[in-house]
Amino acid sequence: MNLDLVYRQAVLSVAGNPRVEALIKGRARSLVRRYVAGETLEEALRAAEALEAQGVHAILDLLGEMVRSEEEARAFQEGILVLVRALAEKPWPKYVSVKPTQLGLDLSEGLALELLRGILREAEPKGVFVRLDMEDSPRVEATLRLYKALREEGFSGVGVVLQSYLFRTEKDLLDLLPYRPNLRLVKGAYREPQEVAFQDKRLIDAEYLHLGKLALREGLYVAFATHDPRLIAEVKRYTEAFGIPKTAFEFQLLYGVRPEAQRRLAQEGYTVRAYVPYGKDWYPYLSRRIAERPENLLLVLRSLLGG
Ligand code: FDA
């Protein structure tokens with residue numbers, strides 16, 4: 001196992017400790033401001049507007065995950081519907097991301113499907129695309145079932161995510177081919193055991209390129225969601241070499257991460273979207289960003305020591 005992964009796994013496991021959570025919540029304001037657009041929908045829409053002015057489109061994400069009651073799941077559905085209605089008024093490309101566990105997947109798959117269906121019934125006619133984010137490995141199977149069920153019901157404005165760190169992903173990609181999915185490809189952000197996931201960054205990166213190229217060759221529309229300059233350069237090289245048009249794929253990055261690269265890619269004529277999270281439940285999202293980047297942990301530690 002390499003050091004990157006050891007660091008990541010350690011942060012993700014410590015971040016789950018309630019005392020660490022309380023400490024970070026009190027002291028990580030500057031990091032929150034960097035990665036989260038705000039706590040309200042209005043702040044998120046302002047951030048999206050500013051991105052649009054730079055040629056970068058927004059993926060709005062109402063933060064929330066792993067809900068423990070049906071009321072919470074229904075409240076999140078309502079929050080997402082409010083977002084969908086607000087986006088419908090906007091002149092820009094309209095796009096939201098949702099997490100299945102935010103809509104009650106851990107309580108019942110039927111509940112999550114019902115709530116997703118309700119979102120898609122409003123979103124699709126308004127031209128709002130809905131991306132199902134992919135969470136940790138125990139939820140992958142159910143999330144893929146939700147995606148397939150929605151497609152079988154006739155919804156088309158919905159997309160799925162695959163993670164290159166999981167051993168199972170190539171098979172999942174092949175199984176999805178008959179659905180012609182709009183695919184977001186990521187490396188994967190969760191703490192996964194060595195029984196199910198590559199632990200070595202080089203292998204995860206190689207798998208990422210292998211899966212991305214396979215999906216492009218199969219004619220799928222691929223959203224390459226990564227900040228990794230090496231992978232972005234290789235996707236550009238590969239698509240140019242094989243004459244794959246810029247309309248057949250896009251790049252996605254997170255709000256606050258490599259904003260200059262986001263603008264540059266857009267200027268080069270690529271479709272670029274930034275994932276814009278907002279809401280009060282920012283802690284799990286922020287923990288994953290700290291786990292991706294040791295400098296972020298140093299910022300938190302410095303603010304703790306600074307008193
Ligand atoms: P890697 O982590 O190897 O980083 C490469 C370089 O990018 C770093 O050297 C650094 O320069 C920069 N960088 C990366 N992370 C940074 C950070 N937090 N702050 C500053 N710089 C950073 N995951 C998942 O499991 N399910 C999902 O549904 C999604 N959805 C999703 C959507 C979008 C739009 C993005 C961009 C990412 C996701 N992810 C995700 C997260 C993804 O799995 C992964 O954890 C992060 O993108 C970090 O991995 P990179 O590919 O950027 O490479």
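## Valine 235 in helix α10

Valine 235 counts as buried, because 24 C-beta neighbours lie inside 10 Å and the threshold for a buried residue is 20 or more. The model in which this residue is described is a predicted one. Valine 235 belongs to helix α10, which spans residues 229-241.

Leaving out residues up to four places away in sequence, valine 235 touches Gly212 and Phe224. Gly212 is one of the buried residues of helix α9, and Phe224 falls within strand β6 (222-225). A separate pair concerns valine 235 and leucine 12: these two residues are 223 places apart along the chain, and their C-alpha atoms are separated by 29 Å.

## Helix α9

Helix α9 (201-217) consists of 17 residues. The distance from its first C-alpha to its last is 24 Å, close to the 24 Å expected at 1.5 Å a residue. The buried residues of α9 are Ile204, Glu207, Tyr208, Leu211, Gly212, Ala215 and Leu216. Seen down the axis of α9, these buried residues fall within an arc of 160°, so they line one face of the helix. In an α-helix there are 3.6 residues a turn, so residues three or four places apart point the same way.

On the other side of α9, Arg202 and Arg217 are exposed. The buried residues of α9 pack against several elements, namely β4, α8, β5 (183-186), β6, α10 and β7. After α9 comes glycine 219, which has a positive phi near 85°.

## Helix α8

Helix α8 covers residues 169-176, and its buried residues are Thr169, Leu173 and Leu176. Viewed down the axis of α8, these buried residues fall within an arc of 65°, so they line one face of the helix. The face turned away from that buried side carries the exposed residues Lys171, Leu174 and Asp175.

What do the buried residues of α8 pack against? Their partners are β4 (158-163) and α9. The packing is also found from the side of α9, whose buried residues have α8 and β4 among their partners.

## Alanine 88 and its contacts

Alanine 88 is located in helix α5, a helix that covers residues 70-88. Is alanine 88 buried or partly exposed? It counts as partly exposed, because it has 14 C-beta neighbours inside 10 Å, whereas a buried residue needs 20 or more.

With neighbours within four places in sequence set aside, alanine 88 is in contact with Lys94, Lys126 and Val128. For one of these partners, lysine 126, the separation along the chain is 38 residues, and the C-alpha atoms of alanine 88 and lysine 126 are separated by 5.7 Å.

## Two loop residues with positive phi

Methionine 66 has a phi near 50°, a positive value in a residue other than glycine. Methionine 66 is found in the loop between β1 (57-62) and α5. With 17 other C-beta atoms within 10 Å, methionine 66 is partly exposed.

Arginine 258 also has a positive phi in a residue other than glycine, with a value near 45°. The loop that holds arginine 258 runs between β7 (249-254) and α11 (259-267). Arginine 258 counts as partly exposed, because 16 C-beta neighbours lie inside 10 Å, short of the 20 or more that would make a residue buried.

## Domains and annotation

The domain assignment of the protein gives domain 1 (1-36 + 282-307) and domain 2 (40-281). Their C-alpha centres lie 23 Å apart. The contact takes 15 residues from domain 1 and 14 residues from domain 2. On the side of domain 1 that touches domain 2, the elements giving two or more residues are α1 (3-15), α3 (29-35) and α12 (283-292). Of these, α1 gives the most, with five residues. By class, this side of domain 1 has nine nonpolar, three polar and three charged residues.

An unreviewed UniProt entry carries the annotation "domain: Proline dehydrogenase" for residues 44-292. In the model, the end C-alpha atoms of residues 44-292 lie 23 Å apart, and the span is 46% helix and 17% strand.

Terms used: Residues numbered from 1 in each chain as written. Predicted model: local features only at pLDDT ≥ 70, side-chain atom pairs only at ≥ 80, totals over all residues. Helix = DSSP H or I, 4+ residues; strand = E, 2+ residues; numbered from the N terminus. Buried ≥ 20, exposed ≤ 12 C-beta atoms within 10 Å, placed from the backbone. Arc of directions from axis to C-beta. Contact = placed C-beta atoms within 7 Å. UniProt positions renumbered as here; feature names shortened; annotations may be inferred. Expected span 1.5 Å × (residues − 1). Domains from an automatic or database assignment. Nonpolar A, V, L, I, M, F, W, Y, C, P; charged D, E, K, R; others polar.
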